[in-house]
Amino acid sequence: MAKKMKRQPETLVELMDIILSRVCRGLKSSRHLLADACTEMEGFGIDPDAPEPEKLEILINYVENLRDEDGNMVFSAVEIQEYRTQLRKLTRRK
Amino acid sequence: MQTKNVIKSVIMLGDAAVGKTSLVRRFVVDQFDDTYITTLGAKPMEKDIRIVGKDAIIELRMIIWDIMGQKDYERVHRDMFEGVNGGIIVCDVTKPETLKNLGEYWIPTFFEYAGKVPLVLMANKIDLKEQLKIEIKDIQALLASFQMKDGCSPPFYLTSAKTGENVQVGFEKLGELLARDMGLL
């Protein structure tokens, strides 16, 4: 079930940690889906130590359409909107 | 002799680039690739191993979770640690800080979220003989400060994902510890 972010991320790494942990939790019970999603995300070439904003945006666009084994969206529209807002804020602050 | 089928989840722990993915690939598909691709999130692979016990043969299906090794990704780590049955902790013998980080971050965090479940340490990249910077006594000293729930410190192996040295043996040892943990040995 979609949840709002409890604490606002202070860095792009933290934002990426929040997104990836949601992907892992959302798909943990469907191992092949999680493996496929992670392989796909690796292909974006994101540096996890210093994620580039434009690549994080690609990541958010990708997870927006992720579905679990039952066909349900892993992320809610609210969550995705929040990630985009946070990404904008953190990028401005940089 | 009776056969028991068991499924257990284990996880690979350790800093980025110590060779976690390569160790899993060597164990599961017996291949090695020098190309380094940073793991993002968590990726599962599985392998069946057979353990011969006193009263039964245990057919163990090991689900091996390979996770990203960047320490800043604590949420990913915590989420993946919860509920796993064991772990392989990995350091790179050419980088002493990777052993230090096992003691300061990986093992304590893992024990906190997974409990004191079976662990095996793999001191990897032993094929880089000219660049070794970790001594066996360093590994022993680190492991002496951590006990699994059976009261023993985790065993360790000097491994090479590149040559395959001790990789199979290390994973099989974890399988044995898991079987013992279930009271099957």
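Helices (H or I, at least four residues) and strands (E, at least two) are DSSP runs, numbered from the N terminus. The model is predicted: local features need pLDDT of at least 70, side-chain atom pairs count only at pLDDT 80 or more, and totals for chains, interfaces and linings use all residues. Residues are numbered from 1 along each chain as its sequence is written, while chains are lettered from A and ligands numbered from 1 in the order in which they are written.

**Exercise 1.** Locate Asp30(B) and Asn166(B), and describe the phi and the exposure of each.

*Solution.*
Step 1. Asp30(B) is placed in the loop between helix H1 (20-29) and E2 of chain B. Asn166(B) lies in the loop between strand E6 (156-158) and helix H5 (167-181) of chain B.
Step 2. Most residues other than glycine have a negative phi. Asp30(B), however, has a positive phi near 55 degrees, and the phi of Asn166(B) is positive at about 65 degrees.
Step 3. A residue is buried if 20 or more other C-beta atoms, placed from the backbone, lie within 10 Å of its own, exposed if 12 or fewer, and partly exposed in between. Asp30(B) has 10 such atoms and is therefore exposed; Asn166(B) has 18 and is therefore partly exposed.

**Exercise 2.** Compare the expected span of helix H2 (residues 31-42) of chain A with the distance between its end C-alpha atoms, and state where its buried residues lie.

*Solution.*
Step 1. The expected span is 1.5 Å times one less than the number of residues. For the 12 residues of H2(A) this gives 16 Å, and the end C-alpha atoms are 16 Å apart, which agrees.
Step 2. The buried residues of H2(A) are Leu34(A), Ala37(A), Cys38(A) and Met41(A). Seen down the axis, they fall within an arc of 95 degrees (taken from the directions from the axis to the C-beta atoms), so they line one face of the helix.
Step 3. An α-helix has 3.6 residues a turn, so residues three or four places apart point the same way.
Step 4. Among the elements that cover these buried residues are helix H1 (12-27) and helix H3 (53-64) of chain A, together with strand E2 (42-52) of chain B.

**Exercise 3.** Describe how H1(A) and H3(A) pack.

*Solution.*
Step 1. Their axes, lines fitted to C-alpha atoms over the stretch in contact, are 11 Å apart. The angle between their N-to-C directions, on a scale from 0 to 180 degrees, is about 20 degrees.
Step 2. Angles under 35 degrees count as roughly parallel, over 145 as roughly antiparallel, 65 to 115 as roughly perpendicular and the rest as oblique; H1(A) is therefore roughly parallel to H3(A).

Notes: Two residues are in contact if their C-beta atoms, placed from the backbone, lie within 7 Å.
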